[in-house]
Amino acid sequence: MTRYLMKRILMLIPLMVGITLITFSVVHLAPGEPVEMQMAMNPKVGKEARERLRKFYGLDKPLAEQYVTWVGKLARLDLGRSFSSDNRPVRDKIAERLPITLALNIIALVMEFGLAIPIGILAATHRDTWLDKGITVFVFVGFAVPTFWLALLLMYLFGVKLNWLPISGLHTLGSDSYGLLRYVGDMAKHLCMPIMVASFGSLAGLSRYMRSSMLNVIGQDYITTARAKGLSERVVIYKHALRNALLPLITQAGLAIPGLIGGSVIFETIYAIPGMGQLFYQAVMARDYPVVMGIVIIGALLTLIGNLVADVCYALADPRIREGRGVQ
Amino acid sequence: MNTVRRFRLLFPALFLFVSACTQAPAPPRSGAHDVKPAYGDALVEGTISDASTLIPLLATDSSSHAVAGQIYNGLVKYDKNLKIIGDLAQSFDISPDGLTITFHLRRGVKWHDGAPFTSRDVLYTYHVVIDPKTPTAYAEDFKQVKGIAAPDDYTVRVTYGAPFAPALASWGTAILPAHLLEGKDITKSPLARTPIGTGPYRFKEWVAGQKIVLESNHDYFEGRPWIDRYIFRIIPDTSTMYMELKAGALDTMPLTPVQYARQTTGTRFTSLFNKYRYPSSSYVYMGYNLRHPLFRDKRIRQALTAAIDKDELIHGVLFGMGQKAVGPIPPGRWAYNPNVKDIAYDPKHAAELLAQAGWREKNSDGILTKDGKPFSFTILTNQGNQQRLLTAQIIQQRLRYVGIDVKIRIVEWATFLKEFVDKGNFEVVMLGWTTTPDPDMYDVWHSSKTNPGELNFVGFKNAEVDRLLVEGRSTFDMEKRKKAYFRIQEIMADEQPYTFLYVPDALPVVSARIRGVETAPAGIGYNQIKWYVPKAEQVY
């Protein structure tokens, strides 16, 4: 087992090198430069000012040298400094945005699963009835409605007309003076709409998945046996069928984990939430190379670690994998 | 105006929708006896992007400058009529030969940390701007300086090698605190996130991506601002911003023409907010690549302008909130030449001009041809600007009437600049310029500025304009400058290197509880420290 683990960890090294190389080249292949984005179309900016800024960012050096400098820093866990005019360390920029994105994504993920599972079960147990059809329509409306449009309608209804929920942002102005409970409550109110919008859109996929997985299980012999034993329908569905039907969904949940650090540009922009999605989008638009590469590298690293953990779990479960005999 | 009314009738449904939301009664207003200026309250402004750095020298984005503008002062500033007056300088004199400017600084001005402001700060600011190690975009104007000296703490004397008219305005640049920066690396300075200036507001708090809070400077040299706090809220989406405004969580934001004309007309809205309207300092244009054989002939460029109905663009795209642009200087400026006649919308005249240039026959699609080749070109514009896209679409249709086939291509901004504009790889671009109050436009029109990456990317070369541009910037004599710029506008009107389309209006809205807001040629922000909220109406 230890040998297997060592092998897997050693394999990560060339993979990481490959990832840095690809990330670096793709980012630099995109037309435009950070300097252009800051200084173009400004009559007050001379050619020399651009050269000055290029030199300041080290963009005047050959690409290979820039790459080596960047990877060298990366090896020391330094993501470098942003190529925007604030020139702040990339680490700080990511660190101040990561918590809110993580929190939002985790809550939304829990909501999605919490809703999609019962909806899927309900649809499966009431297969082809009006309830099933109604659910299908409901989840597909959620899937098809453009997020920004729904978000604006909800804002207008809850924020402007009914005045129940704040429209955007994370805190009310002056919330710094609130007590802890009121402060958290205020933030929760601000997060209601974004989470609602974020989870509504992804209900369709998950609940359909749950429905088909459930139907698949219900059709199997052991369920017929359970029913034949005279067990109540509740016990059959929730005790015998559900557990097996949930397995594929757990794989789905595992796949969603690297996505937790990525934010959605659309709802972050519309709800004025300063998260990773906005940071990444703005960095791409401004050709802020270190920020773009930093976020991509962190994402890639998380995916690699996620895969490693999954593989180790498989290996723990299946001796054929850890002994390298392969699965036939 | 007529067209605006007609449009209103066309959208009764939309109107019902708007009026349906205005049924709730407006909150009671206190009587007129209670509207005396009072200290207190806050002004909450919506801004679409976060500031990047609050050291103005290093910032290139408008959000940073908007915030920093409340915190710092320059030596000079523009007054409400866009005339240059002293700011940190009590007064200034220009020597008769135009080579020396002497600034007499205000005495008793203090930085927000209590240190006195002196000529040392001015010298430091100058030296850091021209230092080749400083990554600033604003060194150009200061490179013309031949010498700078401070005979005492409150006098700064600047000499130039040749008279340079934009020099005076360049001293409007924010003066930085020498006692906090001297001998340190400005790019690593904490002032970028916690600035210290001399301005009407001092920095309090910055929550990245959410808000920036400023507090009034009680010792401000022009008097303590009435409003205690100035809060910038970062809301990247303009529709969201508008909802926040309606819900009362914002006090001021810029409106779009459609919001101004259609969505903010109910009595409830107008009782809670005041809308303002004045010409902005920018214009939108269609620039022809003059190196391209198709656009070398000025008759063709004149014909294209004659085939475009600018009024239609203003009504269709801006809902009437703008005016026709005739040349590179917006109407109302001192250098604007009111006698220049615009090429009027006249498709027949356009057809004649095209015929003179050899475009007579039409092919089976109704497109003009010359030597068997159809008259066809692409308008290139940048992604994310709906107004420009709509403008291009209306123009496409108008040019189709005279037999010209126009395609529209939209490209992301970085690619647009690098691959198309810088390389001269375009036929026609649609873009806008924001103009400074000083009419100097050497960088945009001088024939020496046509290299890749420079701003005369259409390749305009005219010996007389070159001479006049130099003349206009190298004297402080207003009459001489006026003459030069008037003549430039005449030449432009004839040459049509661009089709100057329109000058959109700036459409800010401000909560009605905030009093003292007035429009002037400079906009509404010039007297912000005099804005106030009567005691009874204060909410924050």
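How many residues of domain 1 of chain B are in contact with domain 2 of chain B? Before I answer, let me say that what we have here is a predicted model, and that I will stay mostly with chain B.

An automatic or database assignment divides chain B into domain 1, residues 72–189, domain 2, which combines 201–277 with 507–537, and domain 3, residues 282–505. To come back to the opening question, 9 residues of domain 1 of chain B are in contact with 8 residues of domain 2 of chain B. On the domain 1 side, the residues that touch domain 2 divide into 3 nonpolar, 2 polar and 4 charged, and the centres of these two domains, taken over C-alpha atoms, are separated by 30 Å.

Turning to chain B as a whole, its secondary structure comes to 17 helices and 23 strands, and its C-alpha trace spans about 75 × 65 × 40 Å along the principal axes. Because a compact globule with 540 residues would have a radius of gyration near 24 Å, the 25 Å of chain B agrees with that expectation. Of those 540 residues, 41% count as buried, and among contacts in chain B with a separation of 6 or more, 70% come from residues 24 or more positions apart.

Finally, the core: the largest nonpolar core has 194 residues, of which B:Ile55, B:Leu354 and B:Tyr502 touch the most other members, while helix 9 of chain A, residues 180–218, gives the most to this core, with 11 residues. If we leave out residues up to four places away in sequence, B:Leu354 touches B:Ile300, B:Ala303, B:Trp359, B:Leu368 and B:Val402.

Technical notes:
Residues numbered from 1 in each chain as written. Chains lettered and ligands numbered in written order. Predicted model: local features only at pLDDT ≥ 70, side-chain atom pairs only at ≥ 80, totals over all residues. Core = buried A, V, L, I, M, F, W, Y, C linked by C-beta atoms within 7 Å. Buried ≥ 20, exposed ≤ 12 C-beta atoms within 10 Å, placed from the backbone. Helix = DSSP H or I, 4+ residues; strand = E, 2+ residues; numbered from the N terminus. Contact = placed C-beta atoms within 7 Å. Nonpolar A, V, L, I, M, F, W, Y, C, P; charged D, E, K, R; others polar. Rg over C-alpha atoms; globule rule 2.2 N^0.38 Å.
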